[in-house]
Amino acid sequence: MIQEGNQAIDFTLEASNGEKVSLSEFQGKNIVLYFYPKDMTPGCTTQACDFRDYHEQFSQMDTVILGVSRDPISRHEKFIEKYNLPFALLSDPEAEVSQQYGVFKEKNMFGKKAMGIERSTFIIDRQGKVAKVYRKVKVKDHVAEALHFIQQHLK
């Protein structure tokens, strides 16, 4: 499981812009890599819109935002268009990257157990090291907390 201080695991996934995106492409920038369960659901929509609303402040801190879920690119495109999201969403349909980052877990929804992504955020510094890990993220105030961490620790 990835922990703070570890080198971030590089990967390549299909992105909402139709291209393949590798984490290593962003070396030299800070990265907010956030994993979320599903496009168009209430919590995930709130979180994505919070990242949208703070996008300019993240950009001023030389920080790239990447969202990852198991949704197909077609659903990501609709999600981005509907909510005017200014950052890439990556598709991890087989949960390979989610497993590498330790966020693909058994979840219990209404008494029914199923495997899914546990909402988690990894802040990666310019050298590709994991500076901060947020697991079991609660959506309220999370994006502001992540931005504050970057402002304080990754100038």
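A residue is called buried when its relative accessible area is under 20%, and exposed when that value is over 50%. The exercises below apply this cut-off to a predicted model.

**Exercise 1. Decide whether E118 is buried or exposed, and describe its surroundings.**

Step 1: Find the residue along the chain; E118 sits in the loop between β7 (112-117) and β8.

Step 2: Compare its value with the cut-off; the relative accessible area of E118 is 12%, and because buried means under 20%, E118 counts as buried.

Step 3: List its partners, leaving aside neighbours within four places in sequence; E118 is then in contact with F35, V103, K105, R135 and K136.

Step 4: Look at a residue that is remote in sequence; V21 is 97 residues from E118 along the chain, and the two C-alpha atoms are 22 Å apart.

**Exercise 2. Describe the overall fold and dimensions of the chain.**

Step 1: Count the elements; there are five helices and nine strands in the chain, and their order along the sequence is β-β-β-α-α-β-α-β-α-β-β-β-β-α.

Step 2: Compare the radius of gyration with the value for a compact globule; for 155 residues that value would be near 15 Å, and the chain, with 14 Å, agrees with it.

Step 3: Add the outer dimensions and the surface; along the principal axes the C-alpha atoms fill a box of roughly 45 × 35 × 30 Å, while the accessible surface is about 8,000 Å², with 48% of it belonging to carbon and sulfur atoms.

Step 4: Turn to the contacts; of those with a separation of 6 or more, 65% join residues that are 24 or more positions apart.

Step 5: Finish with burial and charge; buried residues make up 48% of the 155 residues, and the 21 positive and 21 negative side chains form two sets whose centres lie 7 Å apart.

**Exercise 3. Determine what UniProt places at C44, and examine this residue together with T45.**

Step 1: Consult the record; an unreviewed UniProt entry gives the feature "active site" at C44, although such annotations may be inferred rather than shown by experiment.

Step 2: Place both residues; C44 belongs to helix α1 (residues 42-53), and T45 is in helix α1 as well.

Step 3: Judge their burial; C44 has 1% relative accessibility and therefore counts as buried, and T45, at 11%, also counts as buried.

Step 4: Read the contacts, not counting residues up to four places away in sequence; C44 touches Y36, P37, K38, F79 and R119, whereas T45 touches M40, F79 and Y83, so that F79 appears in both lists.

**Exercise 4. Work out where F11 and F122 lie and which residues they contact.**

Step 1: Locate them; F11 is in the segment before β1 (12-15), and F122 is in strand β8 (residues 120-124).

Step 2: Apply the cut-off; F11 is buried, its relative accessible area being 5%, and F122 counts as buried at 0% relative accessibility.

Step 3: Leave aside neighbours within four places in sequence; the contacts of F11 include V21, L33, L90 and Y101, and those of F122 include I2, L33, Y101 and V130.

Step 4: Take one sequence separation for each; F11 and P86, 75 residues apart along the chain, have C-alpha atoms separated by 21 Å, and for F122 and S59, 63 residues apart, the separation of the C-alpha atoms is 17 Å.

Conventions. Residues are numbered from 1 along each chain as its sequence is written. This is a predicted model: local features need pLDDT of at least 70, side-chain atom pairs count only at pLDDT 80 or more; totals for chains, interfaces and linings use all residues. Side-chain values use heavy atoms; hydrogens and water are left out. Helices (H or I, at least four residues) and strands (E, at least two) are DSSP runs, numbered from the N terminus. The radius of gyration is taken over C-alpha atoms; the globule rule is 2.2 Å times the number of residues to the power 0.38. Buried means under 20% relative accessible area, exposed over 50%, partly exposed in between (1.4 Å probe, protein chains only). Contact means heavy atoms within 4.5 Å. Accessible areas come from the Shrake-Rupley method with a 1.4 Å probe; for residues, only the protein chains shown count as cover. Lys and Arg count as positive and Asp and Glu as negative; His and the chain ends are not counted. The place of a charge is taken as NZ of Lys, CZ of Arg, CG of Asp or CD of Glu.
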